[in-house]
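Hi,

Here is the structure I promised to pass on. Have a look at it first, and then read my notes underneath.

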Amino acid sequence: MGVLTATDNKWSVIDSRHDVLIRRRLEDVFRFVATDFFDNYPRWSPEVCELEKLTAGEMAVGVKARQVRLDAGYRSEALFRVTQFERGHILRFTSLSKPRFEVCYRFDRVDIDTRLSFDFRTELPLYLLPVRGYLEKIIRQGGRRVVTNLKMLLEAEAEAAMETQVGGSAGRC
């Protein structure tokens with residue numbers, strides 16, 4: 001991932017990658033996660049207390065935002081921007097503030113379903129290195145929670161839509 005380079009100290013970098021198969025069309029998953037990110041992100045990441053889009057217009061490379069999160073009792077504020085947006089394929093954010101981080105959502109079609117990959121990478125500041133193991137555990141749990149929450153939200157939404165269609169047509173017979 002691009003924000004952290006090979007010259008960074010490996011001991012200060014934490015990587016987390018998680019994949020999930022979502023029983024929804026790629027176009028639906030991409031729309032929910034990427035195109036409508038600012039509407040839906042707090043739904044799959046309840047740690048987000050505030051989310052503010054700082055750039056007008058549709059989701060695109062260059063869009064900037066600010067978020068405030070509360071993770072395991074730790075409050076953080078971050079500015080970030082979209083560094084890659086390829087419709088149907090990828091959404092990548094890079095931090096504009098410290099600590100540095102990069103987040104990437106990748107979307108791959110698997111038959112009629114979608115494989116969603118979530119990558120998070122951060123460089124810890126020196127003062128957090130003594131608790132690196134604890135933070136790595138929290139970050140990895142958070143990554144698993146992101147893909148699990150997205151799967152549950154998207155598949156439940158699809159089920160509700162199907163039940164509405166089935167229930168709606170049954171009432172007319």
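Below is what I found on charged pairs, plus one surface patch.

Keep in mind that this is a predicted model. Salt bridges are the main theme: the structure has 22 of them. As a general point, side chains of opposite charge can pair when their charged atoms come close.

Let me start with D113 and R23. Their closest N and O atoms are 3.2 Å apart, and the two form a salt bridge. This one joins distant parts of the chain, since D113 belongs to strand β7 (residues 113-123) while R23 sits in the loop between β1 (13-22) and α1 (26-35), 90 residues apart. Are the two partners buried or exposed? D113 has a relative accessible area of 11%, so it counts as buried, whereas R23 is exposed at 55%. The cut-offs behind those words are under 20% for buried and over 50% for exposed.

Next come R145 and E47, whose side chains meet in a salt bridge at 2.9 Å, N to O. R145 is part of helix α3 (residues 132-170) and E47 is in the loop between α2 (37-44) and β2 (48-53), so this pair ties together parts 98 residues apart in sequence. R145 is partly exposed, with 35% relative accessible area; E47, at 13%, is buried.

The third pair is R106 with D119, a salt bridge with its closest N and O atoms 2.5 Å apart. Here the pair ties strand to strand: R106 lies in β6 (residues 101-110) and D119 in β7, so the linked parts are 13 residues apart in sequence. R106 comes out as partly exposed at 27% relative accessibility, and D119 as buried at 5%.

Which residues are linked in a network of salt bridges? They are R24, R25, E27, D28, R31, R109 and E157. It's worth pulling these up together on your screen.

Now for something without charges. L54, L79 and L96 make up a nonpolar patch on the surface, and together they have about 250 Å² of accessible area. Of these, L54 is found in the loop between β2 and β3 (64-71). At 45% relative accessibility, L54 is partly exposed.

That's it from me. If you'd like a place to begin, try D113 in strand β7 and its partner R23, then go on to the R145 and E47 salt bridge.

Cheers

Methods. Residues are numbered from 1 along each chain as its sequence is written. This is a predicted model: local features need pLDDT of at least 70, side-chain atom pairs count only at pLDDT 80 or more; totals for chains, interfaces and linings use all residues. Side-chain values use heavy atoms; hydrogens and water are left out. A salt bridge is a side-chain nitrogen of Lys or Arg within 4 Å of a carboxyl oxygen of Asp or Glu. Helices (H or I, at least four residues) and strands (E, at least two) are DSSP runs, numbered from the N terminus. Buried means under 20% relative accessible area, exposed over 50%, partly exposed in between (1.4 Å probe, protein chains only). Patches are made of residues with over 30% relative accessible area and no salt bridge: like charges are joined within 9 Å, nonpolar side chains (Val, Leu, Ile, Met, Phe, Trp, Tyr) within 5 Å. Accessible areas come from the Shrake-Rupley method with a 1.4 Å probe; for residues, only the protein chains shown count as cover.
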